[in-house]
Amino acid sequence: MTANLYKMLSIAEANQIVLGSISPLEAVDIDLLSATGYVLASDIMAQEPLPPFPASIKDGYAVRSADGAGDFDVEFEQLAGSAPGKLSQGKVAYITTGAPLPEGADAVVQVENTEALTGTGSQRRVKIAKAAWGPGDDVRAVGSDIKAGEMILPHGSIVGPAEVGLLATVGAAKLKVHRKPVVAVLSTGDELVEPQEQRLGPGQIRDANRYMLASAASSSGCKVVDLGIARDTVEAVEEKFQQAVSRGADVLLTSGGVSMGNKDFIKAILERQGKVHFGRVRMKPGKPLTYATIEATSSSKAMIVFGLPGNPVSSIVTYNLVCLPALRKLSGHQEPGLRRVDAKTQTAIKLDPERPEYHRVSLSWHRESGGAGFAAASTGGQISSRLLSMRSANALLELPSAQGVLPAGSVVSALLMGDLGGMPIPEDIPMTDPLQ
Ligand SMILES: Nc1nc2c(c(=O)[nH]1)N[C@H]1C(S)=C(S)[C@@H](COP(=O)(O)OP(=O)(O)OC[C@H]3O[C@@H](n4cnc5c(N)ncnc54)[C@H](O)[C@@H]3O)O[C@H]1N2
Ligand code: MOO
């Protein structure tokens with residue numbers, strides 16, 4: 001099939017096809033400290049309650065609440081990490097935060113509400129100036145933080161710092177997580193040289209895409225296999241495809257060679273080696289985006305291939321919109337798509353009459369008299385060769401295809417790429433009472 005015969009899909013259809021063709025990769029074992037960024041492949045339950053014993057919330061004295069205020073002998077010290085002692089009638093025990101409540105005590109009085117009296121060691125005495133409210137005062141009951149058998153993290157949870165803390169708490173030192181895909185990156189083109197090349201020859205440019213895509217995939221935690229640059233021959237490209245397979249790639253990202261030129265033969269090679277699901281998408285930039293699957297054989301695993309357009313902006317925009325959700329789904333994410341917010345344009349933007357455009361913007365949070373929301377500042381000229389249009393871009397405006405100009409102040413949906421850098425430093429929380 002020649003490139004122009006591929007049906008032009010919408011980006012939503014393209015996403016649906018890609019995500020419908022893949023499943024999360026198999027579960028592997030991982031140590032807790034290496035698990036950040038992975039997705040849990042099994043549910044994690046708490047084996048024991050937390051705290052496992054009634055624990056003091058304060059540094060102070062363990063008391064029988066019914067004894068009230070007065071002067072008491074300090075029978076012993078109950079320190080965190082020690083087994084609970086046994087408190088005699090009419091006595092109190094010095095206790096530290098996190099220590100188990102001694103048998104016979106039912107509350108804690110913080111040290112601020114007491115006064116040390118004379119005496120040391122077994123003669124030590126204390127005045128309880130302000131009595132405990134009642135049983136349980138300043139004590140964490142068994143299981144009050146986590147109940148025994150409680151679901152801590154369901155499978156599909158993304159492991160971040162808080163999750164690592166929770167997993168450590170419940171003793172989940174070894175985990176089952178979905179394997180992350182191995183991503184091979186390949187640039188194609190006779191004009192390309194490595195970034196180290198300081199003197200460009202006639203017609204040459206430096207390879208930006210392979211480095212950019214490798215960086216993008218590794219920032220998602222994927223292992224990257226660098227296939228280098230394939231020159232513009234069928235044999236050279238086919239040899240690189242073979243290397244991707246033999247080096248265990250789950251995903252191959254190629255850039256260049258998917259359009260209409262007589263050296264653009266990525267699509268034709270993919271047709272021979274696997275199944276091309278689509279070869280054109282109604283979007284700007286990135287129209288010739290191509291997606292194929294290559295089946296597993298007795299000696300190699302299945303591989304999916306994204307033929308990304310060579311223009312650097314087209315390749316990174318299609319990566320974000322289509323490849324990243326696929327990498328996330330393979331990694332076990334249950335909501336792999338980019339997050340969408342509404343944003344107000346700061347300048348007028350010319351629309352494209354033929355294709356919906358993903359206009360690169362920098363979003364920032366703005367408060368105005370009419371309310372608060374995201375303001376979208378264009379990153380300037382949007383031609384797909386101008387990688388500067390991606391610099392400091394944290395979102396893609398979803399501009400409809402239409403004649404004319406979208407006026408400044410229009411509210412448009414925007415897809416977030418990465419986190420919202422460039423946001424203002426958080427202001428203090430106002431001290432005024434909002435309920436007054
Ligand atoms: N007759 C037509 N020509 C083109 C069409 C079309 O529909 N009909 N589509 C255009 C669109 S849209 C795009 S996008 C590009 C995509 O082209 P390819 O994927 O075939 O990419 P190349 O032709 O190899 O390169 C395009 C451009 O990008 C530069 N490039 C390529 N690789 C890299 C790299 N690794 N790092 C930096 N820059 C790279 C290359 O030198 C070219 O300037 O096709 C249009 N043509
Ligand atoms: O779709 Mo191409 O990516 O406009 O340049």
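**Exercise 1. How many bridges join strand β14 to β17, and in which direction do the two run?**

Before the solution, note that this is a predicted model, in which local features need pLDDT of at least 70 and side-chain atom pairs count only at pLDDT 80 or more, while totals for chains, interfaces and linings use all residues. Residues are numbered from 1 along each chain as its sequence is written, and chains are lettered from A and ligands numbered from 1 in the order in which they are written.

*Solution.* Begin with the terms: helices (H or I, at least four residues) and strands (E, at least two) are DSSP runs, numbered from the N terminus, and two strands pair if DSSP finds at least two bridges between them. Strand β14, residues 182–188, is joined to β17 by 6 bridges, and the two run parallel. One position to look at is A184, which stands opposite V225 in β17.

**Exercise 2. Place β14 in its sheet, and find the helix that packs there.**

*Solution.* The sheet is open and has 6 strands in the order β17-β14-β18-β22-β21-β19, with mixed pairing. Its edge strands, each pairing on one side only, are β17 (223–230) and β19 (275–278). From one strand to the next, the twist averages 20 degrees; axes here are lines fitted to C-alpha atoms, for helices over the stretch in contact, and angles run from 0 to 180 degrees between N-to-C directions. Helix α3 (residues 209–219) packs on this sheet and touches β14, β17 and β18 (251–255), where contact requires C-beta atoms, placed from the backbone, to lie within 7 Å. The direction of α3 makes about 170 degrees with that of β14.

**Exercise 3. Describe the open sheet that contains β6 and β7.**

*Solution.* This sheet also has mixed pairing, and its 6 strands follow the order β8-β5-β7-β6-β10-β9. At the edges are β8 (107–110) and β9 (114–116), each of which pairs on one side only, and the twist averages 40 degrees from one strand to the next. Strand β6 (residues 70–78) and strand β7 (residues 91–95) run parallel and are joined by 4 bridges, and Q78 has I95 in β7 as its bridge partner.

**Exercise 4. Which residues of helix α1 are buried, and why do they lie on the same side?**

*Solution.* A residue is buried if 20 or more other C-beta atoms lie within 10 Å of its own, exposed if 12 or fewer, and partly exposed in between, with C-beta atoms placed from the backbone. In α1 (residues 11–20) the buried residues are I11, A14 and V18. They lie on the same side of α1 because they cover an arc of only 60 degrees around the axis, the arc being that of the directions from the helix axis to the C-beta atoms. On the face turned away from that buried side are the exposed residues A12, Q16 and G20. The cover over the buried residues of α1 includes β1 (8–9), β19, β20 (280–281), β21 (290–294) and α6.

**Exercise 5. Find the largest nonpolar core and the helix that gives the most to it.**

*Solution.* A nonpolar core is a set of buried Ala, Val, Leu, Ile, Met, Phe, Trp, Tyr and Cys residues joined through C-beta atoms within 7 Å. The largest has 65 residues, and those with the most contacts inside it are V183, L252, L253, L327, A395 and A414. Helix α6 (residues 312–330) gives the most to this core, namely 11 residues. Another core, of 21 residues, lies apart from it and includes V63, Y94, V109 and I128.

**Exercise 6. Locate the unusual backbone angles, and compare the burial of D138 and S392.**

*Solution.* Most residues other than glycine have a negative phi, and most peptide bonds are trans. D138, which is not a glycine, has a positive phi of about 55 degrees and sits in the loop between β10 (125–128) and β11 (139–140). S392 has a positive phi near 60 degrees and is found in the loop between β26 (371–378) and β27 (395–399). D138 is buried because 22 other C-beta atoms lie within 10 Å, whereas S392, with 13, is partly exposed. A cis peptide bond joins L50 and P51, with omega about -5 degrees, and the bond from K284 to P285 is cis as well, with omega near 0 degrees.

Conventions. Two residues are in contact if their C-beta atoms, placed from the backbone, lie within 7 Å.
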